[in-house]
Amino acid sequence: MFKEAPGVQIIDPEIKKHITTRNIYKIFNQFIYPQLSSEEYEFLLEVEEFMLTEIEPKIDLTEDVYELFPILGKGNYMQRLNPFGEGKHFGMRYELLLAMATSIVDPELDLARVVSGLIFTNPIFQNRKDNPKMDQILRDVLSGEKIGCICITEPKQGSDAVNMKTIAEEYPTGITVTGEKIFTTNGPKADYFIVYAVTDIKQPRKTMYQAIAERGFEGLETARLGIPAVPRVHIGQTKFNQVHIPPENIIAGRGKGYEHLFSGLVAERGDIVGSSLGVSWLSLITAFLYTNLRVQFGKPIYNFEAVSFPMTELFSELMAATSLGLQMGTEYRKFVEHPEYKFIRYNAALSSGVKTIASKLSHKIAYEAQHLCGGIAYTDNLRMDRALNVSRIQEVIGGSRNIQRFLIGRVLKDMLKKLDWEQI
Ligand SMILES: Cc1cc2nc3c(=O)[nH]c(=O)nc-3n(C[C@H](O)[C@H](O)[C@H](O)COP(=O)(O)OP(=O)(O)OC[C@H]3O[C@@H](n4cnc5c(N)ncnc54)[C@H](O)[C@@H]3O)c2cc1C
């Protein structure tokens, strides 16, 4: 399914030999270095070397990305948000650097990694790390040997995810989940499924559970959706036909699931920022290299201002978005260390705003960069068309544009409550 035969190489080999991931990293590093601490920069160089030597030689664009997970796991690069295993560099800023470096080498791999490594594991780190079963699940997924996914969206409940229809029935032996989830990234390949379900559809906030179902649990069925933008990632429909989930697999009990749903989305949006920035740097630096090597009318096309000026504008926007993304990474620490209402509220708005800006920008950059290079950028001789395809879905995953606007609008409205209206 979805396998594409690679096309013929028509790119000038003298140009192609310079458009390497190593050269893209070299230029990217010059932009990002001033914004990082020496430890962060050292980490970035380490990740890049790992991607160049361990991941890139194993990438097969006609194969799914999942074969690469155990390699990422060996380097402890399935996530870097929460402390786990070897290494000393953890936190949202490190996670953003990992997402950028991974997206530059393989944007589809990063999409699948973010879901399994970060979005799936973060609720466990935050809430159930003391439990041996959960520790085992973390080890399985972060080694890359097993795959995680998250089941929120339903056929009739997309943006309005809170009013979900998936039912949890409570028993002394755990819960039984019945319902259908869709758009489950990694679902058809997954071993572990974080599912949200409610005991009363009229009171979802008060009755929502968050639990982990496992491949092989009776009544759990998955099927693949056709999502042409990311052919190497499996996105699916996940059916729960009275799937029984034991107590040790319940992350959040009745009502607590609702709190987790929202706090988890902050980390998810944060990481989508990292992936979007990585896709943008991949597209723009590829175009920068190519246009400096491609000659028309007797000179490199970059020397025509109609090519270089739009590109410099895109670089300016991307530099600004990258600074903003890293700043968001710094602010995220406050959200974790001081889970006070004011930080939770602020981070919900910040992550929604930055996610909207970065994901929309990635699409603009990937499209414009492709256009500036001409026909070759539409072939598989460069990675630009793949980057454009991934950029197209960055805005809808983690909640579409309007929903981010809605979340920011709610926080803004809340700010009005702080005013003393009598005085105005
Ligand atoms: C590639 C891909 C991967 C995904 N991965 C996952 C995953 O791993 N797990 C998961 O649970 N989900 C996943 N999703 C689902 C994704 O989060 C949803 O698609 C998204 O939340 C929007 O829901 P919807 O598609 O049902 O759109 P709808 O909710 O039907 O919205 C359609 C349009 O209406 C707008 N709209 C809706 N309500 C309002 C409103 N009140 N005001 C203004 N505009 C509104 C939306 O912004 C959107 O533009 C994925 C989706 C895609 C495409």
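This is a short tour of a predicted model, stop by stop, with something to select at each one.

**Stop 1: the domains**

Start by colouring the protein chain by domain. The assignment gives domain 1 as 13–142, domain 2 as 148–254 and domain 3 as 258–417. Now turn to domains 1 and 3. Their centres, taken over C-alpha atoms, are 18 Å apart. Where they touch, 32 residues of domain 1 are in contact with 35 residues of domain 3.

Which elements give two or more residues to the domain 1 side of this contact? Select α1 (13–16), α2 (21–32), α5, α6 (107–119) and α7 (122–127), and you have them. Helix α5 gives the most to that side, with nine residues. If you colour the domain 1 side by class, you should get 19 nonpolar, eight polar and five charged residues.

**Stop 2: two crossing helices**

Keep α5 (residues 92–105) on screen and add α11 (residues 305–337). The axes of these two helices come within 7 Å and cross at roughly 145 degrees. To see what makes the contact, show M92, R93 and L96 on α5, then G325, L326, G329, T330, Y332 and R333 on α11. Sorted by class, this contact has four nonpolar, three polar and two charged residues.

**Stop 3: the nonpolar core**

Next, go inside. The largest nonpolar core has 116 residues, and V195 and A213 are the ones with the most contacts inside it. Helix α10 (residues 256–293) gives the most to this core, with 17 residues.

Click on V195. Which residues does V195 contact, leaving aside its neighbours within four places in sequence? They are C151, T166, V177, K181, A211, A213 and F240.

From that list, hop to V177, which sits in strand β3. Is V177 buried or exposed? With 27 other C-beta atoms within 10 Å, V177 is buried, because 20 or more is enough to count as buried. Not counting residues up to four places away in sequence, V177 touches T166, A168, V195, A197, A213, F240, V243 and I245. Try a distance too: the C-alpha atoms of V177 and V141 are 23 Å apart, and these two residues are 36 residues apart along the chain.

**Stop 4: around the ligand**

Now centre the view on the ligand. There are 22 residues around the ligand, and I152, G158, S159, F183 and N402 come nearest. Colour the shell by class and you get 13 nonpolar, eight polar and one charged residue.

Where does the shell come from? Domain 2 and domain 3 each supply at least three residues. Looking at elements, β1 (148–151), β3 (174–185) and α14 (401–416) each give at least two. Helix α14 gives the most, with four residues.

While you have α14 selected, pick out Q404, which is found in this helix. Q404 is buried, because it has 24 other C-beta atoms within 10 Å and the cut-off is 20 or more. Leaving out residues up to four places away in sequence, Q404 touches S352, K355, T356 and G399. Then draw a line from Q404 to S159: their C-alpha atoms are separated by 9.9 Å, although these positions lie 245 residues apart along the chain.

**Stop 5: two residues with a positive phi**

Time for some backbone angles. Most residues other than glycine have a negative phi. Go to N76, in the loop between α4 (69–74) and α5. N76 is not a glycine, yet its phi is positive, about 55 degrees. N76 counts as partly exposed because it has 19 other C-beta atoms within 10 Å.

Now find F297, in the loop between β9 (295–296) and β10 (299–300). F297 also has a positive phi, about 50 degrees, without being a glycine. Is F297 buried or exposed? F297 is exposed, because just 7 other C-beta atoms lie within 10 Å and 12 or fewer counts as exposed.

**Stop 6: R392**

Finish at R392, in helix α13 (residues 384–394). R392 is partly exposed, with 18 other C-beta atoms within 10 Å. Setting aside its neighbours within four places in sequence, R392 is in contact with A229 and H363. For one last distance, pick R392 and E317: their C-alpha atoms are 18 Å apart, with the residues 75 apart along the chain.

Terms used: Residues numbered from 1 in each chain as written. Predicted model: local features only at pLDDT ≥ 70, side-chain atom pairs only at ≥ 80, totals over all residues. Core = buried A, V, L, I, M, F, W, Y, C linked by C-beta atoms within 7 Å. Contact = placed C-beta atoms within 7 Å. Near = placed C-beta within 6 Å. Nonpolar A, V, L, I, M, F, W, Y, C, P; charged D, E, K, R; others polar. Domains from an automatic or database assignment. Axes fitted to C-alpha atoms, helices over the stretch in contact; angles between N-to-C directions.
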